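These are my notebook entries on one structure, set down in the sequence in which I looked things up. The model comes first, then the entries.

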Amino acid sequence: MAQETVLIFGKDACPYTQAALEEYRKRNVAVQYLNVKKDADAMRRMLEFSNGARQVPVIVDQGQVTIGYGGT
C-alpha cells in the first residue's frame, strides 16, 4: 500500500516549518511543502485545514491535521 504524501504548509523563515520538513524527510516520508507566504492558494488551503488559525506549520498527515511542530 502506497503511503499518502504529507502536506506541510509553512514559510521558509520559520524554524518549526524547517524542523518538520527535515524530520519527515529523515524518515523518508513523501512531503509536499506549500509556502503560504508565496502562494495565496496555499494560504487559503492551510486556513481550511487549520480552521482559520494562522500558525505554521500546518501538517496534514493521513487526514490528521497538526498545527505547529514541537519535534519528536
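**Entry 1: V58.** Is V58 buried or exposed? I worked from a predicted model. I read a relative accessibility of 0% for V58, and V58 therefore counts as buried, the limit being under 20%. I located V58 in strand 3. Across from V58 I found F9. I also looked up the spacing to A40, 18 residues away along the chain: the C-alpha atoms of V58 and A40 are separated by 15 Å.

**Entry 2: the sheet.** In what order do the 4 strands of the open sheet lie? I noted the order 2-1-3-4, with mixed pairing. Strand 2 (31–35) and strand 4 are the edge strands, each pairing on one side only. On average, neighbouring strands of this sheet are turned by 15° against each other, with direction ignored. As a general reminder, I wrote down that strands of a sheet pair through backbone hydrogen bonds, in either a parallel or an antiparallel sense.

I then went through the pairings one by one.

- Strand 1 and strand 2 run parallel and are joined by 5 bridges; G10 stands opposite N35 of strand 2.
- Strand 1 (residues 6–10) and strand 3 (residues 58–61) run antiparallel, with 3 bridges between them.
- Strand 3 pairs with strand 4 (residues 64–67) over 4 bridges, in the antiparallel sense; I59 has T66 of strand 4 as its bridge partner.

The hairpin of strand 3 and strand 4 has 2 residues between the strands, and I recorded for Q62 in this hairpin a positive phi near 55°.

**Entry 3: the aromatic pair.** How many aromatic pairs does the count give? The count comes to 1 aromatic pair. F9 and F49 form this pair, 5.8 Å centre to centre, with 45° between the planes, and the pair is tilted. F9 belongs to strand 1 and F49 to helix 2, so the pair ties together parts that are 40 residues apart in sequence. I looked up the accessibility of both partners. F9 is buried, at 0% relative accessibility, whereas F49 is partly exposed, with a relative accessible area of 31%.

**Entry 4: salt bridges of helix 1.** How many salt bridges does a search of the whole structure find? The search returned 5 salt bridges. I began with E23, whose side chain meets that of K26 in a salt bridge at 3.9 Å, N to O. Why might E23 and K26 be within reach of each other along helix 1? The two residues are 3 apart in helix 1 (residues 15–26), which means that about one helical turn separates E23 and K26. In general, an α-helix has 3.6 residues a turn, so residues three or four places apart point the same way.

E23 also forms a salt bridge with R27, the closest N and O atoms being 3.3 Å apart. I therefore entered E23, K26 and R27 as linked in a network of salt bridges, each contact falling within the 4 Å cut-off. The accessibility readings for the three residues are as follows: E23 is buried at 15%, K26 is exposed at 57%, and R27 is partly exposed at 46%.

R27 has a further contact: its charged end sits over the ring of Y24, 4.7 Å from the ring centre.

**Entry 5: helix 2.** What caps the N-terminal end of helix 2? I found D39 in this role, with a side-chain oxygen 3.0 Å from the backbone nitrogen of D41. Within helix 2 (residues 40–49), R44 and E48 lie 4 residues apart, about one turn of the helix. The side chains of R44 and E48 meet in a salt bridge at 2.6 Å, N to O. I noted R44 as partly exposed, with a relative accessible area of 41%, and E48 as exposed, at 52% relative accessibility. After helix 2 comes N51, for which I recorded a positive phi near 55°.

Methods: Residues are numbered from 1 along each chain as its sequence is written. This is a predicted model: local features need pLDDT of at least 70, side-chain atom pairs count only at pLDDT 80 or more; totals for chains, interfaces and linings use all residues. Side-chain values use heavy atoms; hydrogens and water are left out. Buried means under 20% relative accessible area, exposed over 50%, partly exposed in between (1.4 Å probe, protein chains only). A polar contact is a pair of N or O atoms within 3.5 Å; within protein, one must be able to donate a hydrogen and the other to accept it, and residues adjacent in sequence count only if both atoms are side-chain atoms. Two strands pair if DSSP finds at least two bridges between them. Rings of Phe, Tyr and Trp (its six-membered ring) pair if their centres lie within 6.5 Å; planes under 30 degrees apart count as stacked, over 60 as edge-to-face and the rest as tilted. A charge sits over a ring if NZ of Lys or CZ of Arg is within 6 Å of the ring centre and within 35 degrees of the ring normal. Axes are lines fitted to C-alpha atoms, for helices over the stretch in contact, and angles run from 0 to 180 degrees between N-to-C directions.
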